[in-house]
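This report covers the fold, the sheet, a helix pair, the empty spaces and one cysteine of a single chain. The order runs from the whole chain down to the single residue.

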Amino acid sequence: NSNKSLEQLKKSILTLWHEKIEDDYSKEPFTQEELEAMPEKAKQKLDVNPSLYFKPYGTTLIVVVKHSKFWIALHIGDGKCVTYKKGGEPEQPMPWDERCFLNVTTSMRDEDALKRFRHYYSENHPDAIYIATDGVDDSYASDERLHNFYIKLTNSFIDTGAEQTVKELEAFLPILSEEGSGDDISIAGIVSL
């Protein structure tokens, strides 16, 4: 039962994330400088309920695992997972989370994070699976333009090889950020050559 297994995996990820945050915070609590940089409202909440210390550790997460028989994706927050099969159209297998808007995003720190986690399971393998932060998405005016980027990227992997494409991508991403979203950019992918 893929849904049941993926729900358990999400629970495990969140449990381990909380354990790591607790461990990190116990070893290195907020400095006076960090506390002074916090908005007053956040400091007051922290004083009332010290268990809220994990809020500043909030993060989005996109995970893809590919197995010979299936592939899965897990996602909380913004950013996108895009798949592409040569000759077809790129797809976003996980629907966009409407609660992510402008600088507001769902996060692993949310009290209802388990409910906000989305997942995808398929036994049909695309030629390419990409995951990227919202810095990539926000650099394109539409999903069509974003999808064209992934088509060109996949074709580059196929036509010029991984080594050359990675070099070109490393040079291109800072330009994309500067001319596009201005945000940090991270991208990862699995491409079947």
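Read from the start of the sequence, the elements of the chain follow the pattern α-α-α-β-β-β-α-β-β-α-α-α-β. The model is a predicted one. In total the chain holds seven helices and six strands. Its C-alpha trace spans about 55 × 45 × 30 Å along the principal axes. Of the 193 residues in the chain, 36% are buried. Among contacts between residues at least 6 apart in sequence, 67% join residues at least 24 apart.

**Sheet**

An open sheet is formed by three strands in the order S3-S5-S6, with antiparallel pairing. S3 and S6 are the edge strands, each pairing on one side only. On average, neighbouring strands of this sheet are turned by 15 degrees against each other, direction ignored. S5 and S6 run antiparallel and are joined by five bridges. Within this pairing, tyrosine 130 has glycine 189 in S6 as its bridge partner. Helix H6 (residues 143-160) packs on the sheet and touches S3, S5 and S6. The direction of H6 makes about 55 degrees with that of S3.

**Helix pair**

Two packed helices are described by the angle between their axes and the distance between the axes. For H6 and helix H7 (residues 162-179), the angle is about 145 degrees and the axes are 7 Å apart. H6 brings Phe149, Leu153, Ser156, Phe157 and Thr160 to the contact. From H7 come Ala162, Gln164, Thr165, Val166, Glu168, Leu169 and Phe172. By class, the residues of this contact divide into seven nonpolar, four polar and one charged.

**Pocket and cavity**

Rolling a probe the size of a water molecule over the atoms shows where empty space is left. The largest pocket holds about 280 Å³ of space. It is lined by 17 residues, and those closest to its centre are Thr60, Asp78, Thr133, Asp134 and Asp183. Strand S1 (61-66), strand S5 (128-132) and strand S6 (187-191) are the elements that give two or more residues to this lining.

The count of cavities of 30 Å³ or more comes to one. The largest cavity has a volume of about 50 Å³. Its lining consists of His75, Gly79, Lys80, Cys81, Gln92, Met94, Pro95, Trp96 and Arg118. The table gives the classes of the residues in both linings.

| Lining | Nonpolar | Polar | Charged |
|---|---|---|---|
| Largest pocket | seven residues | five residues | five residues |
| Largest cavity | four residues | three residues | two residues |

**Cysteine 100**

Where in the chain is cysteine 100 placed? Cysteine 100 sits in the loop between strand S3 (80-84) and helix H4 (113-116). Is cysteine 100 buried or exposed? Cysteine 100 counts as buried because its relative accessibility is 7%, and the limit for buried is under 20%. Leaving aside neighbours within four places in sequence, cysteine 100 is in contact with Gly77, Asp78, Thr105 and Thr106. One of these, Asp78, is also among the residues closest to the centre of the largest pocket. From cysteine 100 to isoleucine 76 the separation is 24 residues in sequence and 9.9 Å in space, C-alpha to C-alpha.

Key
Residues are numbered from 1 along each chain as its sequence is written. This is a predicted model: local features need pLDDT of at least 70, side-chain atom pairs count only at pLDDT 80 or more; totals for chains, interfaces and linings use all residues. Side-chain values use heavy atoms; hydrogens and water are left out. On a 1 Å grid over the protein atoms alone, a cavity is a set of points where a 1.4 Å probe fits but cannot get out, and a pocket is an open set with protein on both sides within 12 Å along at least five of seven lines; lining residues have an atom within 4 Å of a point. Grid points are joined across faces, edges and corners, and a volume is the space filled by probe spheres set on the points. Helices (H or I, at least four residues) and strands (E, at least two) are DSSP runs, numbered from the N terminus. Ala, Val, Leu, Ile, Met, Phe, Trp, Tyr, Cys and Pro count as nonpolar, Asp, Glu, Lys and Arg as charged, and the others, Gly among them, as polar. Buried means under 20% relative accessible area, exposed over 50%, partly exposed in between (1.4 Å probe, protein chains only). Contact means heavy atoms within 4.5 Å. Two strands pair if DSSP finds at least two bridges between them. Axes are lines fitted to C-alpha atoms, for helices over the stretch in contact, and angles run from 0 to 180 degrees between N-to-C directions.
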